[in-house]
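Please take a moment to look over the sequence and the fold that follow, and then read on for a guided walk through them.

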Amino acid sequence: MQAFLRRNLNWFLVASFALLLLQDIFGTNGVLAMRRTQLQAKEVQEEIERLNEENQKLQNRVQHLKTDPATLEGIARDEMHLKRPGEYVFPIQPKAGASNPQPADPTKHP
């Protein structure tokens, strides 16, 4: 048995090294898995940055709504179809074939 081991020791070492190398590259915690995890972390970080930017825009919008009367008036006129006393509103009908027609007076709908 010892003679067999001495004759084939180099082959056992080469095979062991090859198996360890394959494990380091393709294993659960190998190079490929680490690269995949790094890419996922980068994507998550980009999503966090995008959400932070969106959050900042929404916070600015809230601040404008709290402090700027012109912003509130614009919303009241555009979205709620309100007007000041003494003003007249002339609704413009969308062209035939236009998508998403907006009603001129939302109180007329059920």
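**A residue in a chain of charges**

Glu54, written E54, is a useful place to begin in this predicted model, because its relative accessibility of 40% makes E54 count as partly exposed, lying between the limits of under 20% for buried and over 50% for exposed. The side chain of E54 meets that of R50 in a salt bridge, with a distance of 3.3 Å from N to O. Both E54 and R50 belong to helix α2, where they are 4 residues apart, which is about one turn of the helix. Side chains of opposite charge can pair when their charged atoms come close.

R50 has a further partner, since the side chains of R50 and E47 also meet in a salt bridge, here at 2.7 Å from N to O. These two residues again both lie in helix α2, this time 3 residues apart, and that spacing is also described as about one turn of the helix. R50 has a relative accessible area of 41% and is therefore partly exposed, and E47 is likewise partly exposed because its relative accessibility is 36%. Taken together, E47, R50 and E54 are linked in a network of salt bridges.

A search of the whole structure finds 4 salt bridges, and one of them joins R77 to E87, whose closest N and O atoms are 2.9 Å apart. This pair links distant parts of the chain, for R77 sits in helix α3 while E87 sits in the segment after α3, 10 residues apart. R77 is partly exposed, because its relative accessible area is 30%, and E87, with a relative accessible area of 27%, is therefore partly exposed as well.

**The chain as a whole**

With these charged pairs in mind, we can step back to the overall plan. The chain contains 3 helices and 0 strands, and from the N terminus on its elements run α-α-α. Of its 110 residues, 5% count as buried. The accessible surface of the chain comes to about 10,600 Å², and 60% of that surface belongs to carbon and sulfur atoms.

How far apart should the ends of helix α1 be, if each residue adds 1.5 Å? Helix α1 covers residues 2–26, and its 25 residues should therefore span 36 Å, a value that agrees with the 34 Å found between its end C-alpha atoms. Along the way, α1 bends by about 60° at N8.

**A nonpolar patch and a buried threonine**

Not every feature of the surface is a charged one. F17, L19, L21, L22, I25, F26, V31 and L32 form a nonpolar patch on the surface, and together they have about 800 Å² of accessible area. Helix α1 gives the largest share of this patch, 6 residues, while α1 and α2, the latter covering residues 31–67, each supply at least two residues. One of the patch residues, V31, lies in helix α2, and V31 counts as partly exposed because its relative accessibility is 47%.

Is T71, in contrast, a buried or an exposed residue? T71 is found in helix α3, which covers residues 69–78, and at 17% relative accessibility T71 counts as buried, because buried means under 20%. Which residues does T71 touch, once its neighbours within four places in sequence are left aside? T71 is then in contact with R61, H64 and L65.

How values were computed
Residues numbered from 1 in each chain as written. Predicted model: local features only at pLDDT ≥ 70, side-chain atom pairs only at ≥ 80, totals over all residues. Heavy atoms only, no water. Expected span 1.5 Å × (residues − 1). Bend = angle between axes of the 7 residues up to and from the residue. Buried < 20%, exposed > 50% of the residue type's maximum accessible area, 1.4 Å probe, protein only. Contact = heavy atoms within 4.5 Å. Areas by Shrake-Rupley, 256 points an atom, 1.4 Å probe, with all protein chains shown as cover. Patch = residues over 30% accessible without salt bridge, like charges linked within 9 Å, V, L, I, M, F, W, Y side chains within 5 Å.
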